[in-house]
Amino acid sequence: MSKIRDVRGIEILDSRGNPTVEADVTLADGALWQGTLSGGAGNDGLILGMANARTLDANNLLGFEAVTAQGAAMLTLTNGFTLQSLNVAGDLTLASDASLTTNSLTFGSADNRFIINGLFAGSIDGGAGSNRILLNAGSAAAPVRFAAVSNIAGLDMSGGYATVSGDADFGVIDLTSGRLVGLAGSTIRAGGLAVRQGATFGSAGHVIGNVNVAGTLSPGASPGTMTVIGNVALAGGSTTLMEISPTLSDQLLISGTLTIAQGAGLVLTADQQVKPGTTLDLIIANGGISGSYTSIVKPDSLFGFIVQDDKRIRLLGQFLNNGSFTPQVRRAIDYTNAVISAGTASDGLIDTLPVLASASGASNSAAFARLTAEPYASATQMGMENGLTIAHAARSIARLSGGDAPRAFSIGQYLGGLGRIAADDQAGQSASRSRSYGLLGGLGIGTDRWSIAGFGGYLDSRQTLRHLGSQTDADGWFAGAAGSYAMGALRFDATLAYHQIDADTDRLTPDGDKAHGRFRLKNWVGDLSLSYEAVLGSDWAAQPDIGLTYVATTRTGLREDNGSVWALDVAKDTHDALFADGGIAFGRSRGSKARFRPFVRLGVQYQLQGRSVEALAGFSGSEQGLLSLGVRRGGLVGNVSGGAEMRVGSALSLFANASQTYSEDDRRASANVGVKLVF
């Protein structure tokens, strides 16, 4: 028969006179009861005096809110207990079929062990002794759930799944298997936390202590931010597992250092695509990062790159390309992704990358169109245009009408021109509008048959790419020599000149700011022409002609200097262009004595070489891999020109002419006015 050592009860009357009985039942040491012990209504307590190990079955103990086990023997619980409090003086074991839910589990002053083979939920106070928790239970669906934990010397976890929701001080944590998870708002304190191979640890709250990982570190709790007040060391063979989502991703914040050993790996999981241009700080270690992940694994659907610097490891969302974008935009997207992948993007650039994505997450083609060195490529066309202007102005500069005796002469003229090259919408190249004006002056000597002259001058030019919001202003000097030689009705003209231009370009950047670059264009211009005079009557003649013009342009390298994160370094470029032209002019014959000498010319020009221009550029500190094409000149263009010379006297002539060049994509107009004085 079971013996009850003591039963103590009190009756409590409520305001209506209804009684409630609270009772404490004390069993004699070694006593067992047969059947069920019920505490009934009220707050009932059971006190067990234990000198020997004892098993307590929840099915035989009903209606008790508090249990106290006195004595140093082991108490084993089976089946499901729900208690307001459990006080244990000795060791406590939860059997594999047991569960214990309690507001307070308190141990005494001895060195105790709490062995969890079943399920536990509640708070633990280890008391005054050196107490350890041995855990091998729980699953993701039904975990062991720790709330507040205090006065525990160590947690040894050899399997299972456990969570922490409150402030838990576990002393020293040693995980050899299983998974321990700190929920959002939790704090896990440990003198040291070791995650061995086969074990997994992570938290969406705070961890105070140093963390050493040989197994799996999984920050967050689907997902979340894990904050470590201490240092983290990742051993070779360890895995850092992070979950990525468009709205919230795992993050690891470390107050101290992060050490990554050779062989450590990073694994990213994602159920959706990250918005292009998004920067996710995966790990921030305020004390610095040493080492790097040997392997990085991510799903093919996750477009992005892992970038590491001294204190951060980040995921940069890759910009998605689209076949409907222009080649110019596609090249800008590919280059930006390459810079991100190489890890050479500056922090400022990374912070502003979202400008390149639309609100829906697609690559912003309009913004990428401004990530270009096209204004510098197109400036090469401006240099070529100036070279053509000089060549055409100087083609007849050395011609002198007079006798056989050599005479000196001087010439001066005003040069002006307008130009337009159409956009190429399919290629993504912007239309160009240009204008130029300047002066040319020279001295020469010659006869009616031969003459030579030296000349120099100045040209001021401007080119605008309105679609890109860019403008290049340029001015520079030129100098050269020209010669003419006649053999009967045939005449040869030749020009060699050098033109140097100082240019400034302002262009709009993807964020609407401006970038500025200063560079120099250097032109060598060579021109050869052959004409034949076919006399028509006494005063008039038809003059067919052909010619070749060569313009070699060098654009110096440059670094945009306004401090913008979008500033580019543009490489030096050399460009060769070759033009052939031919036409027929009608006007006064060379032997005519008429003072007023009008003419009209019809012709064509074909560019044999160098229609396309390009610029190679890159962000500061990154490879110059951004290829941008400039405006493309028309191949075959028609030309009509006309003008007149007025011989005021035997020594003075005034002249003026205008020219219009036209094709579907290329239009230019020019006008020259000048004076020639023979000494």
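Helices (H or I, at least four residues) and strands (E, at least two) are taken as DSSP runs, and their numbering starts at the N terminus. The model described here is predicted.

With these elements assigned, two asparagines can be placed. Asn-151 sits in the loop between strand 15 (144-150) and strand 16 (154-164). Its phi is near 55°, a positive value in a residue other than glycine. Asn-151 counts as partly exposed because its relative accessibility is 42%. Asn-79 also has a positive phi, near 65°, and again the residue is not glycine. Asn-79 occupies the loop between strand 8 (75-78) and strand 9 (80-88). At 21% relative accessibility, Asn-79 counts as partly exposed; the cut-off for buried is under 20%.

Ala-98 is another loop residue, between strand 10 (92-94) and strand 11 (99-107). Its relative accessibility is 3%, so Ala-98 counts as buried. Along the chain, Ala-98 and Gly-118 are 20 residues apart. In space, their C-alpha atoms are separated by 5.0 Å.

Salt bridges were examined next. Side chains of opposite charge can pair when their charged atoms come close. The count for the model comes to 26 salt bridges. Three pairs and one network are described here.

In the first pair described, Arg-189 bridges to Asp-167, with the closest N and O atoms 2.9 Å apart. Arg-189 belongs to strand 19 (residues 187-189) and Asp-167 to strand 17 (residues 167-169), so the bridge links distant parts of the chain, 22 residues apart. Arg-189 has a relative accessible area of 31% and is therefore partly exposed. Asp-167 is likewise partly exposed, at 36% relative accessibility.

Asp-527 forms a salt bridge with Arg-395. Here the closest N and O atoms are 2.7 Å apart. Asp-527 lies in strand 41 (residues 514-532), whereas Arg-395 lies in the loop between helix 4 and strand 36, so the pair ties together parts that are 132 residues apart in sequence. Asp-527 is buried, with a relative accessible area of 2%. Arg-395 is buried too, at 14%. Both values fall in the buried class because that class covers anything under 20% relative accessible area.

Arg-588 pairs with Asp-539, and the closest N and O atoms are 3.6 Å apart. This pair also links distant parts of the chain, 49 residues apart. Arg-588 is in strand 46 (residues 573-588), and Asp-539 is in the loop between strand 42 (534-536) and strand 43 (540-555). Arg-588 is partly exposed, with a relative accessible area of 23%. Asp-539 is partly exposed as well, at 27%. Elsewhere, salt bridges that share partners join Asp-281, Asp-309, Arg-312, Arg-314 and Asp-347 into one network.

Internal space was then surveyed. A search of the whole structure found three cavities of 30 Å³ or more. The largest cavity holds about 90 Å³ of space. Helix 4 (374-394), strand 36 (407-421), strand 37 (432-446) and strand 52 (666-678) each contribute at least two residues to its lining. Gln-381, Met-382, Glu-385, Gly-419, Arg-420 and Ile-421 are among the lining residues. Others include Ser-432, Ser-434, Gln-463, Arg-633, Asp-666 and Arg-668. By class, the lining of the largest cavity has two nonpolar, five polar and five charged residues.

Open space was considered separately. The second largest pocket has a volume of about 390 Å³. Its lining comprises 22 residues, and those closest to the pocket centre are Ala-369, Gly-428, Ser-430, His-467 and Leu-468. Helix 1 (327-342) and helix 3 (365-369) are the elements that give two or more residues to this lining. Helix 3 supplies the largest share, three residues. The lining of the second largest pocket contains seven nonpolar, nine polar and six charged residues.

On the surface, Ile-445, Trp-450, Ile-452, Tyr-485, Met-487, Leu-490, Phe-492 and Tyr-532 make a nonpolar patch of about 730 Å². Strand 38 (450-465), strand 39 (470-487) and strand 40 (490-508) each give two or more residues to the patch. Trp-450 is part of strand 38. Its relative accessibility is 33%, so Trp-450 counts as partly exposed. That value meets the patch requirement, because patch residues need over 30% relative accessible area.

Conventions:
Residues numbered from 1 in each chain as written. Predicted model: local features only at pLDDT ≥ 70, side-chain atom pairs only at ≥ 80, totals over all residues. Heavy atoms only, no water. 1 Å grid on protein atoms, 1.4 Å probe; cavity = no way out; pocket = protein on both sides within 12 Å on 5 of 7 lines; lining within 4 Å. Points joined across faces, edges and corners; volume = space filled by probe spheres on them. Nonpolar A, V, L, I, M, F, W, Y, C, P; charged D, E, K, R; others polar. Patch = residues over 30% accessible without salt bridge, like charges linked within 9 Å, V, L, I, M, F, W, Y side chains within 5 Å. Areas by Shrake-Rupley, 256 points an atom, 1.4 Å probe, with all protein chains shown as cover. Salt bridge = Lys/Arg side-chain N within 4 Å of Asp/Glu carboxyl O. Buried < 20%, exposed > 50% of the residue type's maximum accessible area, 1.4 Å probe, protein only.
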